[in-house]
Amino acid sequence: MNKTPTNEPLESRSAVMPEALNQAPPLVNYNLYLSDATLADAIHREGADWAAPQLRVLGQFLGTEEAQRWGFDANENEPVLHTHDRFGNRRDEVEFHPSWHDLMRTSVENRLHSLPWVETRKGAHVARAALLMLTAQNELGHTCPISMTFAAVAALRADPELAAQWEPRILSPTYDPRFLPAQQKAGVLVGMGMTEKQGGSDVRANTTQAVRLGSSREYRVTGHKWFCSAPMCDAFLILAQAPNGLSCFLLPRWAPSGEKNAFYIQRLKRKMGNRSNASSEVEFQGAWARLIGEEGRGVQTIIEMVNCTRLDCATASAGLMRAAAVQAVHHAKYRQAFDKPLIEQPLMQNVLADLLVESEAATLLMLRVAAAFDARNGSEEARSFARIATAIAKYWLCKRAPAHVGEALECLGGNGYVEESMLPRLYREAPLYSIWEGSGNVIGLDVLRTLGKDPAALFTLLREMQLAPELGKRVGNFLARLEASLRRQAEHAGEGGADLQREARMLTERAALLLQASLLMRYGSPPVAEAFCASRLDGEGGLAFGTLPQSANVQAILDRMKGGLQEN
Ligand SMILES: Cc1cc2nc3c(=O)[nH]c(=O)nc-3n(C[C@H](O)[C@H](O)[C@H](O)COP(=O)(O)OP(=O)(O)OC[C@H]3O[C@@H](n4cnc5c(N)ncnc54)[C@H](O)[C@@H]3O)c2cc1C
């Protein structure tokens, strides 16, 4: 394996060096779907077998060199904003690399932006989440507009007339990137504008004003948005202050008059990651917009959209962790150190197994939430569970992803720090999902609020945990802690709940771990479930990855994965 020392000058040696030794081959031509037993089992369990052929085809394609190249190209060639044409006229267009369009076309044609709204068969949200999770492992930036378009439908349906007008084009499986009025396009995309300079989490601070035109539902909007991703979308759901309070509007890029709307892209953000995607600052100068829902109930209207994008944040994070774990295992299979492949070194086995445990737990939780979306219309209880579980999963999976990806990156040693390995891109992308659609604290507070005021949410949460009877005592402990906190909160109600708020993250984390444990015990592989409970619930693991206790069957956890990355 090791090269023999030589006295030849360096230049002549490098000229004849036949090949790089002891390097892992590129991980290409594997099927992202077929190699993920957790995902495939869930598709079957949730009655979404009808989607399996599509998942197989997409999983195969995303493993090809071509699809991987698109991901790199779209990120290495960032979008360019054209504010003006050469004559000084406003243009407000963003130009993307062709690979971006290839990625978008693939996702739209696979109906990642629409599936549950057009598919009446069982498990449509689960099927879509699985498609998104596969896609996330290849390139995440482009899924931002895909996700917002999918999510916008949930809010648009508050206004059947508007929905009837826009849905056919939103749900179209044709990707049409042309900058034209929506009526002239075969398919459209929808973005979201809530965050302003003076406040993102606290949207009540929005200052953008909406003035009603006569007695209609049409308005003129003036103000700005500090973050407005994918500004080339055809329309945006935005929040603005109307006479009766913060309201939700649909603001298209082209006004009904056929003219460009007064929507001006000021600049694109220079971002840490998510580089293929354009995120902009925009201004509205009397832009035409149409009210959705009731004036003054903007947050309640747009929250339907936000709940869907929160599910996608959890899905993206599960995808990132899966991608990172796969890359780490692949590398460790081929790379030797100290006379053995890394994957046979006991400490590396612990690290890899721990990463796989986290990834499997993430996948199961995300898919359970997606299944809850499918069940939402069935009962009020199912709706309550979907709401609380979405927030819990969004909080926890997005918190775990950056640390998980960072550890996986280290498994590749120096190669992991180099762009070609893909790990730096995953690493830069990971923190984003915890920031947008409700940052960690905001989600933690949301979970706490819901647990305190919606008895159905707490009931359904506990019932889900208790479906694994082995967890009985641990669920009891969680409940006792939560009840004690809520009691203290009631006793100190006049002090603004500061005491309980400090516990929001801890309680949300505990709830997430118990949900994951319950799912793993029922549907996961037994060695993973056991290792998870020992390390995450019973205090036998450490704070870093790679600290599973001796009782963990790391070999069995690795075996489940090791053979799964062959060419399919
Ligand atoms: C790449 C990117 C793209 C984005 N795209 C969009 C987009 O398309 N549309 C859009 O509307 N927004 C978008 N955003 C904005 C994003 O949603 C906000 O950044 C996010 O909601 C946080 O708001 P903020 O930045 O104003 O931070 P703040 O609201 O100022 O929050 C700062 C910190 O304070 C914490 N915090 C807030 N309130 C409390 C509290 N009560 N108690 C304890 N802690 C608290 C938050 O959790 C956070 O950690 C994007 C952001 C990024 C990074």
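Biologist: How far does a polar side-chain atom of Ser201 lie from an oxygen atom of the ligand?
Modeller: This is a predicted model. A polar contact needs N or O atoms within 3.5 Å. The polar side-chain atom of Ser201 and the ligand oxygen meet that cut-off, at 2.5 Å.

Biologist: Which residue has a polar backbone atom 2.9 Å from a nitrogen atom of the ligand?
Modeller: Backbone atoms also take part. Ser229 places a polar backbone atom 2.7 Å from a ligand oxygen. For the ligand nitrogen, the residue is Met192.

Biologist: How much of the ligand's accessible area does the protein cover?
Modeller: On its own, the ligand has 980 Å² of accessible area. The share covered by the protein is 66%.

Biologist: How many charged residues does the shell around the ligand have?
Modeller: The ligand is surrounded by 20 residues, with Met194, Thr195 and Gly200 among the closest. Elements that supply at least two shell residues each include β3 (190–193) and α15 (440–453). By class, nine are nonpolar and nine are polar. The charged residues number two.

Biologist: How many disulfides does a search of the whole structure find?
Modeller: A disulfide needs two cysteine sulfurs within 2.5 Å. Cys308 has its closest cysteine sulfur in Cys313, 11 Å away, so the two are too far apart for a bond. Cys398 is in no disulfide either, as its nearest cysteine sulfur, in Cys313, is 5.2 Å away. Over the whole structure, the search finds zero.

Biologist: Is Cys308 buried or exposed?
Modeller: Buried means under 20% relative accessible area. Cys308 has 0% relative accessibility, so Cys308 counts as buried.

Key:
Residues are numbered from 1 along each chain as its sequence is written. This is a predicted model: local features need pLDDT of at least 70, side-chain atom pairs count only at pLDDT 80 or more; totals for chains, interfaces and linings use all residues. Side-chain values use heavy atoms; hydrogens and water are left out. Buried means under 20% relative accessible area, exposed over 50%, partly exposed in between (1.4 Å probe, protein chains only). A residue is near a molecule or strand if one of its heavy atoms lies within 4 Å of it. A polar contact is a pair of N or O atoms within 3.5 Å; within protein, one must be able to donate a hydrogen and the other to accept it, and residues adjacent in sequence count only if both atoms are side-chain atoms. Accessible areas come from the Shrake-Rupley method with a 1.4 Å probe; for residues, only the protein chains shown count as cover. Helices (H or I, at least four residues) and strands (E, at least two) are DSSP runs, numbered from the N terminus. Ala, Val, Leu, Ile, Met, Phe, Trp, Tyr, Cys and Pro count as nonpolar, Asp, Glu, Lys and Arg as charged, and the others, Gly among them, as polar.
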